[in-house]
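Work through the three exercises below with the model open. Each task is followed by its solution.

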Amino acid sequence: MGVLLIAAGASAQRTYEPHFDIGAKGGVTFSKMAFSPGIEQSMKMGFTGGLMVRYTEEKLFGLIGELKIEQRGWKETFDETDFSYNRTLTYIQMPLLTHIYFGNQRIKGFVNLGPSVGYMISNSASANFDYHNPGSVEGFPIENRHVNQMSMEVKNKFDYGILAGVGVELILKKKHSIMLEGRYYYGLGNIFPAKKKDEFSASRNTTIEISLGYMFRVK
């Protein structure tokens, strides 16, 4: 009986052998801001890229940490006019995600979920009109429209929120794999002041991310 228990323990250790991977990723983002009161917007396209580490200790469970640069922001829409306005917010982002995976030795599906924190490192705006004084622009549709957000300074550069992603991982060799993933980020912090006296009660980042990554198993 003792020999059987030792053999079972050795088998379990082999089944749940920890793994440590490092990698890199890059992709595109599609962002809007969750404003309240609302602003007429369409998705703004940007980029994301950075480094990843992954630790898996159990058969179906692990953790992923990342350090990346990510573009967010918003793109305002102006019905039946040629006006355009874009605001680009660039962040250093640090997600820490629970990694749940399933599949076989060649292909795996996975779900990632967890918090993410970030800090804004740049903030720029572009428009084909004077967005500091839109009321003076001939033909600008200012009626029933909020315009102050176009020139407002960002007060809160620190951001935090929740990430959820699904994807697929293709194992190329024993230590090499590529991953395709789609994610959704919902920010919980406001970039503009959000007290009762302020213009916006909410100004939060929301982002869809599609990325391709490469992982190398170190251990």
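**Exercise 1.** Find what share of the chain is buried, then judge its overall form.

Solution. Start with burial in this predicted model. Buried residues account for 39% of the 219 residues. Next, take the surface. The accessible area is about 12,300 Å², and carbon and sulfur atoms hold 61% of that area. Now list the elements. The chain has 1 helix and 9 strands, in the order α-β-β-β-β-β-β-β-β-β from the N terminus. The radius of gyration is 22 Å, well over the 17 Å that the globule rule gives for 219 residues, so the chain is more spread out than a compact globule. Finish with the box: the C-alpha atoms fill roughly 85 × 35 × 25 Å along the principal axes.

**Exercise 2.** Trace the strand pairing around β3.

Solution. Begin with β1 (residues 19-36). This strand runs antiparallel to β3 (residues 44-56), with 13 bridges between them. Check one position: G23 lies opposite M52 of β3. Then move to β4 (residues 61-76). β3 and β4 are also antiparallel, over 9 bridges. Here L51 has L67 of β4 as its bridge partner. Last, find the connection: a hairpin of 4 residues links β3 to β4.

**Exercise 3.** Is S211 buried or exposed, and what does S211 contact?

Solution. First, place the residue: S211 sits in β9 (residues 202-217). Second, compare areas. The relative accessible area of S211 is 3%, and buried means under 20%. S211 is therefore buried. Third, list the contacts beyond four places in sequence: K25, G26, G27, M179, L180 and E181. Fourth, look at K25 again. Its side chain makes a polar contact of 3.4 Å with the side chain of S211.

Terms used
Residues numbered from 1 in each chain as written. Predicted model: local features only at pLDDT ≥ 70, side-chain atom pairs only at ≥ 80, totals over all residues. Heavy atoms only, no water. Pairing = 2+ DSSP bridges. Helix = DSSP H or I, 4+ residues; strand = E, 2+ residues; numbered from the N terminus. Buried < 20%, exposed > 50% of the residue type's maximum accessible area, 1.4 Å probe, protein only. Polar contact = N/O pair within 3.5 Å; in protein donor to acceptor, adjacent residues only side chain to side chain. Contact = heavy atoms within 4.5 Å. Rg over C-alpha atoms; globule rule 2.2 N^0.38 Å. Areas by Shrake-Rupley, 256 points an atom, 1.4 Å probe, with all protein chains shown as cover.
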